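Open the model in your viewer and keep the sequence panel in sight. Each stop below tells you what to select and what is there.

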Amino acid sequence: MSARVLLAGGGAPAAATADALTALGHHVTGPFDADPPPDGPAPDLGVVCGARAGVDVLRRRLPRGAVVLNCCAPPWESTARLASRLGRADLLAVSNPHRADESAAEFLHPELVVLGAATAAAADVADELYRGVAAPRLRTDAATADLLPQAVDGYLAVRRAFTDELTALCSALGADIGSVAEALSYDARTGRAPLMPAVDDGAALAERAYRRPAS
């Protein structure tokens with residue numbers, strides 16, 4: 001079922017979100033921030049993708065009990081803070097984090113759809129936007145969903161730091177970092193891609209491990 005979406009946001013992330021939602025058959029007004037769109041049919045729900053002033057437009061135009069999806073783009077990494085800014089207790093803020101550099105194609109083909117909501121009903125409404133998207137869903141609370149982008153970034157930073165240290169150790173000992181990476185990728189305890197590509201002389205680090213076919 002298509003929905004009328006009021007999209008507050010700016011820049012490439014908001015444009016990609018608008019393109020993706022349109023491709024899914026929804027009627028999207030926006031993105032906009034400081035300059036509100038002209039009046040039109042009442043929206044069913046709102047989406048926030050980095051807007052500041054646009055949040056005030058959502059407050060004025062959304063119907064009672066509407067769901068507002070937070071894509072967790074700055075300055076609204078906190079869905080609770082966004083809900084406070086909306087200033088309407090009847091609006092149901094749902095955390096739906098996306099990467100800042102995500103394209104419309106990636107939006108439509110995600111590895112996972114995360115929905116952080118206080119109620120199952122709010123999560124159901126948000127999930128309807130993704131009808132036709134073949135990806136697993138993770139339903140949780142908003143605070144947990146908000147944290148996931150930082151958790152991923154932190155994990156990748158630790159993995160890259162480990163890779164740099166292991167690359168330096170292999171270089172000092174005359175060991176082959178590519179073979180080490182491949183061996184690690186076969187270990188069930190470390191996973192198929194336990195290392196990050198290096199940015200210096202070890203640029204081909206884990207190349208074979210990344211490309212190893214799944215069994």
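## The whole chain

Of the chain's 215 residues, 40% count as buried. The model is a predicted one. Colour by secondary structure, and eight helices and seven strands should appear. Among contacts in the chain with a separation of 6 or more, 59% join residues 24 or more positions apart.

## Stop one: two strands and a helix

Select residues 4–9, strand β1, together with residues 27–32, strand β2. In which sense do these two strands pair? They pair in the parallel sense, over four bridges. To find one pairing, pick V5: its bridge partner in β2 is V28. Now add residues 11–23, helix α1, through which the chain crosses from β1 to β2. This β-α-β crossover is right-handed.

## Stop two: the nonpolar cores

Select V5, V47, L69 and L129, the residues with the most contacts inside the largest nonpolar core, which has 25 residues. At least two residues of this core come from each of β1, α1, β3 (45–49), β4 (67–70), β6 (113–116) and α5 (120–128). Helix α1 supplies the largest share, four residues. Another core, of 15 residues, lies apart from the largest one; L6, V48, V57 and L82 are among its members.

Go back to V47 and show what surrounds it. Leaving aside neighbours within four places in sequence, V47 is in contact with V5, L6, L7, A8, T17, L21, L58, L69, C71 and L129.

## Stop three: helix α2

Select residues 54–61, which form helix α2. Which residues of this helix are buried? They are G54, V55, D56, V57 and L58. Show the elements around them: the buried residues of α2 pack against β1, β2, β3, β4 and α3 (79–86).

## Stop four: T17

Return to helix α1 and select T17, which lies in it. Is T17 buried or exposed? T17 counts as buried because its relative accessibility is 4%, and the cut-off is under 20%. With neighbours within four places in sequence left aside, T17 is in contact with L7, V47, C49 and F107.

## Stop five: the cavity

Keep T17 selected and add P13, A16, C49, C71, H98, R99, E102, S103 and F107; together these line the largest cavity. Its volume is about 40 Å³. How many cavities of 30 Å³ or more does a search of the whole structure find? The search finds one. Helix α1 gives the most to the lining of the largest cavity, with three residues.

## Stop six: the largest pocket

Select P97, H98, R99, E102 and V152. Of the 25 residues that line the largest pocket, these are the closest to its centre. The volume of this pocket is about 760 Å³. Next, select β6 and α6 (142–173), each of which supplies at least two residues of the lining. The largest share of the pocket lining, five residues, comes from α6.

To finish, compare the two selections of lining residues. H98, R99 and E102 are among the residues that line the largest cavity, and they are also among those closest to the centre of the largest pocket.

Key. Residues are numbered from 1 along each chain as its sequence is written. This is a predicted model: local features need pLDDT of at least 70, side-chain atom pairs count only at pLDDT 80 or more; totals for chains, interfaces and linings use all residues. Side-chain values use heavy atoms; hydrogens and water are left out. Two strands pair if DSSP finds at least two bridges between them. A crossover is right-handed if, with the strands pointing away from the viewer, the path from the first strand over the helix to the second runs clockwise. A nonpolar core is a set of buried Ala, Val, Leu, Ile, Met, Phe, Trp, Tyr and Cys residues joined through side-chain atoms within 4.5 Å. Buried means under 20% relative accessible area, exposed over 50%, partly exposed in between (1.4 Å probe, protein chains only). Contact means heavy atoms within 4.5 Å. On a 1 Å grid over the protein atoms alone, a cavity is a set of points where a 1.4 Å probe fits but cannot get out, and a pocket is an open set with protein on both sides within 12 Å along at least five of seven lines; lining residues have an atom within 4 Å of a point. Grid points are joined across faces, edges and corners, and a volume is the space filled by probe spheres set on the points.
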